[in-house]
Every structure is written in structure tokens, then in C-alpha cells.
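Please open the model in your viewer and keep the selection panel at hand. We will walk through it stop by stop, and at each stop you will be told what to select and what is there.

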Amino acid sequence: MIHNEDGTLTPMDEPYYRSTLIAPGTWRIESDGDDQYLIEGDKEALAIDTGYGAGNIRAYMQTLTKKPLRFVANTHDHFDHTANDAYFDCAYMSAETAKKATIPFQSFAGLSFPRNYPKVIVSDEYKIQLGNREIEVFIIPNHTAGGTAFLDRRERIFFTGDEIFQGNNTMSDTGSVAQYERNMAKLEAHRSEFDKLATGGFGVIDATWVDKFLANTRYILAGHEGDPVTQQGRRPQPPSDPSAPVIYRRRFPRPGDAATPPSTTPLEFMRKMTYDGCSITYDIRHIQN
């Protein structure tokens, strides 16, 4: 069962969709997994990520637009963003994303999801044409090796998936502060072209978070050190009684569903820098590449 935000319970295999118009021809979709988005041009519509909710998300999105919806663009490979890709004719994704897209999380053990659907591999400056609406690709790896953002200049929105969290960002075990600085600088170079960030876990947030994280990374790179981290972040735990009914919270991580293994970084190397209204958690051994 899934526990909904209004307190009701819904069977896990029952479709559930909520949509919000966030700009002309642009919708935020809440199902299960992280947020998905729908972008409408004059000729085509495009999905951004597909979540892992039950049901045919393409059919639901098609009820919101009269333009043909054939394609999805993925921000990264995690199952809560790619589970339903096979409903679409084709998926745009980075080369690194293609390696791991649509591999089920533990809470879906025993269920089979197609992984051989058509894909178009994209890289920096690739442009998706929707008709009087162009979506440009930016590769910004940190949360995953294939992290991808999509710039919609017409409505001034950057779709950034899980590469920007509101408030705090953690550098991946394979990433670095320097890499994240380059990511934010890449977005900042187009700062005059967007006002909002459409994220995976925080909905639509102000674009100034790019400014803040760029300033923070540069502060660290200038030689400033953050505060010691005293404990690792807690992950969801399974119920203590294995015979108890399984109830998941909609849109929240589930026990065992980590897309990446828990960090193995000893706490002695972990730091948290709070600067310019945001925080970055990082490994002092991985400041530079």
C-alpha cells in the first residue's frame, strides 16, 4: 500500500496522478518516484522523466496536451526517473544514463521492466525541437555519472532532475567539489536565460540556487573548510515486524531502494560547508578531481 499526502491509502498497483500547470504548456506531474514534467511545443510534446508509479504515464500525460507525445528525456538513470520509459517511442538520455536506466529498485524485486526500448544518446548542446520550443541538453554529472539538465529558453526553466537539491547537496563518492563547480558554472553561463529550476525532489524552485551553490563551491576551492560531519545520513528502514503490512510513503525513498550504495567515506573525511544560504557535504580528499 501507498500512504498518500492526504492520509489515504492506495494499492501500490493502482495508478495515481496529479498535475500542476507551472508555466504555459508546462506541467509538473506527481505520481510515485520523483517529479515528472510535460513540455508542450507547437508540434510535439515531451516528457521529462517517468517516475515509477503504476499505470501508463504516457497515456495520462496525453490527456493534458493535444500535441503528439512520443518521446521522453531522462535527467539520469535512477529507477524513480526511468521505470516507465518503455511506454514511449524513444528516450533521450546521456551515454552514462543508458548503461543503468530502468534497473528496478529493491521494492520492485520480482517484477520485470523492459530495458531494450529505443534510445537516442545525447550530449552537450544537443537540441530537441518541439515546434517554437527548443530544449537544449547540458551534461552535469554528480548525483549520477550521466546527470543531465534540459534548458527551456521559451519558458525560462531549467529541468535539473536530482543534480540540484534545495538547501543541501552532497558530492557523490566518485565526484568532487571541482566537478560540481564546473557544473554550476556551466548553468550560470546561461543565467540570463532561466528563472526557475524544475527539480526531481523539490518541485519548482528559484534559479538563485545555482548562484548559491556556485558561490559555495568556489568558497571551498578558495581554501575554506567546512564543519566536520558527525553522523551519516539516515536511510529508510524496513518495519521491525516482517509480518506487518508493507506501507510505503508516496514519493519518499523506500527501505532498500538506494540507487547507489551507502557512502563508504569515513566520517573523519566528511565536511559540510554552509555558505551563501546553502550547504555542500563533501569529502576533503575529493575537492579537486
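Begin by selecting strand β4, where both faces are covered: Thr26, Arg28 and Glu30 on one side, and Trp27 and Ile29 on the other, are all buried, a word that here means under 20% relative accessible area, with exposed meaning over 50% and partly exposed in between, for a 1.4 Å probe and protein chains only. Strand β4 covers residues 26-30, and because five of its five residues are buried, the strand is largely enclosed by the rest of the structure. Strands and helices are DSSP runs numbered from the N terminus, with at least two residues of type E for a strand and at least four of type H or I for a helix.

Before going further, note that this is a predicted model, in which local features need pLDDT of at least 70 and side-chain atom pairs count only at pLDDT 80 or more, while totals for chains, interfaces and linings use all residues. Residues are numbered from 1 along each chain as its sequence is written, and side-chain values use heavy atoms, with hydrogens and water left out.

Now add strand β3 (residues 18-23), which pairs with β4 in the antiparallel sense over five bridges; two strands are said to pair if DSSP finds at least two bridges between them. Look for Arg18, which stands opposite Glu30 in β4. The two strands form a hairpin with two residues between them, and Gly25 in the turn has a positive phi of about 65°.

On to strand β5 (residues 36-40), which pairs with β4 in the antiparallel sense over four bridges. Which residue of β5 does Trp27 stand opposite? The residue to select is Leu38. The hairpin of β4 and β5 has five residues between the strands, and there Gly33 takes a positive phi near 80°.

Next, select strand β8 (residues 90-93), from which Cys90 and Tyr92 point one way and Ala91 and Met93 the other way, all of them buried. Strand β7 (residues 69-73) pairs with β8 in the parallel sense over three bridges, and Val72 has Ala91 as its bridge partner in β8. Strand β9 (residues 119-121) also runs parallel to β8 and is joined to it by three bridges, with Lys119 as the bridge partner of Ala91 in β9.

While Cys90 is selected, note that it counts as buried because its relative accessibility is 10%, and then find Cys278, which counts as buried at 1%. The structure holds zero disulfides, a disulfide being a pair of cysteine sulfur atoms within 2.5 Å.

For another sheet, select β2, β1 and β18, which form an open sheet of three strands in the order β2-β1-β18, with mixed pairing. Because β2 (9-10) and β18 (248-249) stand at the edges with a single partner strand each, one side of each is left without a neighbour in the sheet. Strand β1 (residues 2-3) pairs with β18 in the parallel sense over two bridges, and the bridge partner of His3 in β18 is Arg249.

Finish with helix α4 (residues 177-188) and helix α5 (residues 208-221), whose axes come within 9 Å and cross at roughly 145°; axes are lines fitted to C-alpha atoms over the stretch in contact, and angles run from 0 to 180 degrees between N-to-C directions. The contact (heavy atoms within 4.5 Å) includes Tyr180 and Met184 of α4 and Phe213 and Leu214 of α5.
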